[in-house]
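This report covers helix packing, enclosed and open spaces, and backbone geometry. Please keep the structure in view while reading.

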Amino acid sequence: MSANPFLDPTLVHGDLYRRDGRLADRTHALHRAKISGSDVAGTIADLLAARVPAGAAVLDIGCGRGTTTLRLADRIRPRRLVAVDASAALLRTTRDRLGDAGALGSVVCADFHHLPLPGSVADAAVAAFCLYHSPTPGLAVAEIARCLRPGGTAVLVTKSLDSYAELDHLVHAAGLDPHATRRSSLYESFHSGNLHTIAATNLTVVDVQHEEHVFYFADATHLARYLTTTPKYRITLTGGIPAIAATLRQRLPAPPYTTQSTVSYATAVRP
């Protein structure tokens, strides 16, 4: 099996996030399919709102397209909000979305292992769905802890190792990727099972919550749209979404297709 694409720096700093289209398409396909599970950005904002003071300084590490950043701006109304990501394209989208919403915030292009920020600069920090891109997520957590003031709060969010495992079997059964069921989880470096242990290396964990999210793909085209956005599979079929959808219809039982993911939230403080 080839290396986990989420841990391949060439892909992470290249095709996966060089433009924001793949992530936008993936998010849209999942949101359209979701039938159970809370809004993640809203949950993060609620967890922080219960702990951070008025006028807090907040960091959104690995901000992606800025969905959580926007929710923090609206819910927390921090005096300083800094969105950090290694992708300049995603940061442009975040900056534009903040501007369109009239929200105050700045963006910083940086690797979360080496944050260009002073120590003890923030009251709170979020790192959602990003630390599994690090082969050494504990080092990234140490950097986040360094940037927090003593007593500051971090919310770290990830998924379970078996997230979307049902799709592995569908992709295999359809013959789109004969090795789909044998590939490593995209979340193997930082997942629901090791979240507490890794967070506790530099922070005091006060709570961990796990929530099941369920997704329902009503037709083959919807599922094909999602499959084209995930780097886990090696689908060599030409013809794009129409060809993948046609293959799914020919080789799988009739839809719907369902899958699930566990989303885990660790709330922790800097000692």
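About 160 Å³ of space lies in the second largest pocket. The model is a predicted one. Lining this pocket are Leu70, Ala73, Asp74, Arg77, Pro78, Ala101, Gly102, Ala103 and Leu104. Helix α4 gives the largest share of the lining, 3 residues. By class, the lining of the second largest pocket has 6 nonpolar, 1 polar and 2 charged residues.

**Helix packing**

Three helix pairs are set out below.

| Helix pair | Angle | Axis separation |
|---|---|---|
| α3 (residues 40-49) and α4 | about 40 degrees | 9 Å |
| α4 (residues 67-75) and α5 (residues 88-101) | about 30 degrees | 9 Å |
| α9 (residues 220-227) and α10 (residues 240-251) | about 125 degrees | 8 Å |

Take α4 and α5. Their axes are 9 Å apart, at an angle of about 30 degrees. That angle makes α4 roughly parallel to α5, because angles under 35 degrees count as roughly parallel. The crossing of α4 and α5 is right-handed. On the α4 side, Thr67, Thr69 and Leu70 make the contact; on the α5 side, Thr94, Arg97, Leu98 and Ala101 do. The classes in the contact of α4 with α5 are 3 nonpolar, 3 polar and 1 charged. Two of these contact residues recur in the second largest pocket: Leu70 and Ala101 belong to its lining.

Helix α4 also packs against α3, at an angle of about 40 degrees. The two helices are therefore oblique to each other. Their crossing is right-handed. From α3, the residues in contact are Ala41, Gly42, Ile44, Ala45, Asp46, Leu48 and Ala49. From α4, they are Thr67, Thr68, Arg71, Leu72 and Arg75. The contact of α3 with α4 divides into 6 nonpolar, 3 polar and 3 charged residues. Thr67 of α4 thus serves in the contact with α3 and in the contact with α5.

How are α9 and α10 oriented to each other? Their angle is about 125 degrees, with the axes 8 Å apart. The pair is therefore oblique. The crossing of α9 and α10 is right-handed. Helix α9 brings Ala220, Thr221, Leu223, Ala224, Arg225 and Leu227 to the contact. Helix α10 brings Ile241, Ile244, Ala245, Leu248 and Arg249. By class, the contact of α9 with α10 has 8 nonpolar, 1 polar and 2 charged residues.

**Cavities**

Rolling a probe the size of a water molecule over the atoms shows where empty space is left. How many cavities of 30 Å³ or more does the structure hold? There are 3. The largest cavity has a volume of about 80 Å³. Its lining includes Leu161, Ser163, Tyr164, Leu167 and Asp168. Ser185, Leu186 and Tyr187 are also among the lining residues. So are Tyr226, Thr230, Lys232 and Tyr233. By class, the lining of the largest cavity has 7 nonpolar, 3 polar and 2 charged residues.

**Backbone geometry**

Most residues other than glycine have a negative phi, and most peptide bonds are trans. Two sites here depart from these patterns.

Which residues does a cis peptide bond join? The bond lies between Pro255 and Pro256, with omega about 15 degrees. Pro256 sits in the loop between α10 and β8 (257-269).

The other site is Phe129, with a positive phi near 55 degrees. Phe129 lies in the loop between β5 (122-128) and α6 (137-147).

Terms used. Residues are numbered from 1 along each chain as its sequence is written. This is a predicted model: local features need pLDDT of at least 70, side-chain atom pairs count only at pLDDT 80 or more; totals for chains, interfaces and linings use all residues. Side-chain values use heavy atoms; hydrogens and water are left out. On a 1 Å grid over the protein atoms alone, a cavity is a set of points where a 1.4 Å probe fits but cannot get out, and a pocket is an open set with protein on both sides within 12 Å along at least five of seven lines; lining residues have an atom within 4 Å of a point. Grid points are joined across faces, edges and corners, and a volume is the space filled by probe spheres set on the points. Ala, Val, Leu, Ile, Met, Phe, Trp, Tyr, Cys and Pro count as nonpolar, Asp, Glu, Lys and Arg as charged, and the others, Gly among them, as polar. Axes are lines fitted to C-alpha atoms, for helices over the stretch in contact, and angles run from 0 to 180 degrees between N-to-C directions. Helices (H or I, at least four residues) and strands (E, at least two) are DSSP runs, numbered from the N terminus. Angles under 35 degrees count as roughly parallel, over 145 as roughly antiparallel, 65 to 115 as roughly perpendicular and the rest as oblique. A crossing is left-handed if the near helix is turned anticlockwise from the far one by less than a right angle, and right-handed if clockwise. Contact means heavy atoms within 4.5 Å.
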